[in-house]
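Biologist: I'm new to this one, so could you walk me through it and tell me how each label is earned?
Modeller: Sure, have a look first and then ask away.

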Amino acid sequence: MKCPQHAAATSSSPLFAGARRSTLPPINVDKSPSKRLSQKMTAKKAANKELKGMMKTVRIEDIDSMHDEMMDLMDASNEIQETLGRSYNVPDDIDEEQLMGELDALEADMDFESNSVPSYLQPDKETDLDSELNLPAAPSGHATIPANRQQEDELGLPTVPHASIPPGCIFVP
């Protein structure tokens, strides 16, 4: 006969959640105290063996890295929550009718501009800008090239003079 306390303890305890229950020997209530003590010791030894086996599969480094990853995720989540929860200092006493009036005025202004030419596309009202700037008249005709100026190639760059090598000289690069 199994002990009811033993069965309740092993079924509800998280320490024994992964242990195989079949390895633990049953404890009988109606035996002598020495036999019960030896059975308890046998059960404790079996539980100890099972826990050691479970602990071999668990690596502390894995738990630490998982904990660090969870902390990083929690920090990112908190940062997102803080960003979403920001207040933009919008006053609470805004008059909705005044806002609606401003919105209507903006819509009317947009309708007016869509039906006519916007002000930035309209021609200037002052047409005689040259007289205000006092600029000299533009030259007319072709400009003459001074005689001492170098010749230019098709791109407008000065031509490279060609060097002549005297006879009997050897060019060594």
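Biologist: Which residues of helix H2 are buried?
Modeller: In this predicted model, the buried residues of H2 are Gln39, Ala43, Ala46, Ala47 and Glu50. They get that label because buried means under 20% relative accessible area. Across the protein, 8% of the 173 residues count as buried.

Biologist: What makes the span of H2 close to the expected one?
Modeller: H2 has 25 residues, and from its first C-alpha to its last it reaches 36 Å. At 1.5 Å a residue you'd expect 36 Å, so the two values sit close.

Biologist: Now the loop after it. Why is Val58 called partly exposed?
Modeller: Val58 lies in the loop between helix H2 (33–57) and H3. Its relative accessibility is 39%. Partly exposed runs between the 20% and 50% cut-offs, so at 39% Val58 counts as partly exposed.

Biologist: What makes Met55, Val58, Ile60 and Ile63 a patch?
Modeller: These four form a nonpolar patch on the surface, with about 370 Å² of accessible area together. A patch takes residues with over 30% relative accessible area and no salt bridge, and nonpolar side chains are joined within 5 Å. Val58, at 39%, is over that 30% cut-off, so its accessibility fits the rule.

Biologist: How do you know that Glu61 forms a salt bridge with Arg59?
Modeller: The closest N and O atoms of Glu61 and Arg59 are 3.7 Å apart. The cut-off is within 4 Å, so the pair counts. Side chains of opposite charge can pair when their charged atoms come close.

Biologist: And what makes Asp62 and Arg59 a salt bridge?
Modeller: Their closest N and O atoms are 3.8 Å apart, and that is within 4 Å too, so this pair also counts. The count comes to two salt bridges, and Arg59, Glu61 and Asp62 are linked in a network.

Biologist: Are those three buried or exposed, and why?
Modeller: Glu61 has 52% relative accessibility, and the cut-off for exposed is over 50%, so Glu61 counts as exposed. Arg59 is at 46%, so Arg59 is partly exposed. Asp62 is partly exposed as well, because its relative accessible area is 40%.

Biologist: Stepping back, which pattern does the protein follow along its sequence?
Modeller: The pattern is α-α-α-α-α, with five helices and zero strands.

Biologist: Which helix has the lowest mean pLDDT, and which the highest?
Modeller: Helix H1 (residues 4–12) has the lowest, 49, and helix H3 (residues 60–84) the highest, 93. The protein averages 75, and 63% of the residues score at least 70. Where pLDDT is low, the predicted coordinates should not be read in detail.

Key: Residues are numbered from 1 along each chain as its sequence is written. This is a predicted model: local features need pLDDT of at least 70, side-chain atom pairs count only at pLDDT 80 or more; totals for chains, interfaces and linings use all residues. Side-chain values use heavy atoms; hydrogens and water are left out. Helices (H or I, at least four residues) and strands (E, at least two) are DSSP runs, numbered from the N terminus. Buried means under 20% relative accessible area, exposed over 50%, partly exposed in between (1.4 Å probe, protein chains only). pLDDT is the predictor's confidence in each residue, from 0 to 100. Patches are made of residues with over 30% relative accessible area and no salt bridge: like charges are joined within 9 Å, nonpolar side chains (Val, Leu, Ile, Met, Phe, Trp, Tyr) within 5 Å. Accessible areas come from the Shrake-Rupley method with a 1.4 Å probe; for residues, only the protein chains shown count as cover. A salt bridge is a side-chain nitrogen of Lys or Arg within 4 Å of a carboxyl oxygen of Asp or Glu.
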